[in-house]
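Trainee: I'd like to go through the salt bridges here and see how each label is earned. Can you walk me through it?

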Amino acid sequence: MIPRTGAVLGLFVSYITSLASGAGVPKIYSPNDYIQTAGSLEASSTEPAAGDYIVSKSPIKGKTVYSSFTAATAAIQDISSKEVVTIFAYPGVYKEQLVFNRSGTTIFRGYTEDASDNSKNQVIIQNSHGVDTQADQSNSESATLYSRAKYLQLFNINLNNVFGQTRNYASLGFANGNNGYTSLYGCQVTGNQDTFDTNAGTSVFAYNTLVEGSVDFIWGAGSAYFLNSTVVPNTSGGYIAAMKRASSTTAGGLVFDQCAVAATSNVGAGTVFLGRPYNQYSRVAYINTYLDASISAAGWAVWSKTDPRTDGALLGEYRSRGPGASASTRASFSRQLSDADVAQFQLVNLFSSQGTSWINMTYVKTTPFISPL
């Protein structure tokens with residue numbers, strides 16, 4: 001891990017995104033490939049900037065205020081996609097279910113007095129809705145926030161689904177669709193089954209963000225990179241990741257880089273799995289990540305006893321640490337990644353086709369891992 005410096009000025013990270021020539025071997029990047037230059041100062045986390053749309057539980061003298069995110073997002077629908085639009089929300093629990101679709105870049109910023117600590121977030125979007133996974137209905141329809149926007153950035157906002165645990169019912173905090181790009185900074189996303197959904201063709205980057213759930217609670221067919229984030233299993237016998245791809249060459253995967261798995265206190269030791277393959281082309285990696293005692297000795301699980309889906313799946317770890325990190329008893333179909341193996345999961349390689357310009361690196365204080373080769 002390369003320490004990050006220069007936190008006062010915003011930093012823009014320019015990545016070289018092409019793959020090395022040859023038989024599909026990912027390029028090995030060096031620290032010099034992460035070019036850091038001074039950018040603009042970070043936006044205030046306690047007051048809106050001029051031109052921001054404001055969400056508030058109470059009126060503000062001299063300001064146009066919207067009482068919900070639903071109302072605020074409706075107000076910006078006709079703004080040109082060439083304009084970056086920010087919605088700033090004052091503290092409160094906003095009980096609504098939000099489906100958002102906009103072609104331009106949109107920023108949701110939640111009031112907080114400490115943007116570096118997501119436990120101090122004061123803006124909550126909350127919904128209580130579950131979807132029967134055995135019925136003919138999309139799980140995304142239960143999401144507290146279902147983003148179908150082209151580019152969405154969320155700062156210090158909690159997305160909670162408080163439906164609770166009912167067998168075979170999905171209760172999502174967040175879903176991403178419509179080939180969209182979403183980045184989260186200092187957020188919390190909580191639910192139970194299927195909490196965090198990345199649909200096919202979507203791209204997600206989450207920094208310093210907490211995700212809590214029970215079964216397959218970080219899942220989908222898109223690409224998602226979690227950096228310096230916290231993964232919270234809340235049920236014994238659960239699975240964290242469930243990912244699928246259309247083929248072995250289809251883009252996509254789930255990466256947990258310098259994260260921590262920290263289960264709730266009710267979860268038994270050795271009862272949670274890092275993931276299971278949603279299909280045979282599943283691709284998941286935990287890199288330099290702390291694994292607490294909740295993680296099973298096997299680490300990984302088959303999809304089911306009669307339908308394992310492990311042939312062709314890449315379920316890997318690189319330099320895991322903590323009481324749940326022992327490699328000696330890991331499932332035979334999983335992999336301890338080599339320095340060469342892990343290069344494919346570098347941020348620039350995971351997002352090699354779409355690039356990383358949609359990620360606001362000004363707010364990222366942890367450098368994504370770089371393969372030591």
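**Salt bridges, label by label**

Trainee: Why does Lys365 count as partly exposed?

Mentor: Keep in mind that this is a predicted model. Lys365 has a relative accessibility of 30%, and partly exposed runs between the under 20% of buried and the over 50% of exposed, so Lys365 gets the middle label.

Trainee: What makes Glu42 and Lys365 a salt bridge?

Mentor: Their side chains meet at 2.5 Å, N to O. The cut-off is within 4 Å, so the pair qualifies. Glu42 sits in the loop between strands E2 and E3, while Lys365 is in the segment after helix H3, 323 residues apart. Glu42 is partly exposed too, at 34%.

Trainee: Why is Glu317 called buried?

Mentor: Its relative accessible area is 1%, and buried means under 20%, so the label fits. Arg330, at 11%, is buried by that rule as well.

Trainee: How do you know that Arg330 forms a salt bridge with Glu317?

Mentor: The closest N and O atoms are 2.7 Å apart, and the limit is 4 Å, so that counts. Arg330 lies in the loop between strands E30 and E31 and Glu317 in strand E30, so the pair ties together parts 13 residues apart in sequence.

Trainee: What makes Arg335 and Asp341 a salt bridge?

Mentor: The N to O value is 3.9 Å, and the rule says within 4 Å, so the pair is in. Arg335 at 37% and Asp341 at 22% both count as partly exposed.

Trainee: How many salt bridges does the structure hold?

Mentor: There are 6, including the ones we went through.

Technical notes: Residues numbered from 1 in each chain as written. Predicted model: local features only at pLDDT ≥ 70, side-chain atom pairs only at ≥ 80, totals over all residues. Heavy atoms only, no water. Helix = DSSP H or I, 4+ residues; strand = E, 2+ residues; numbered from the N terminus. Buried < 20%, exposed > 50% of the residue type's maximum accessible area, 1.4 Å probe, protein only.
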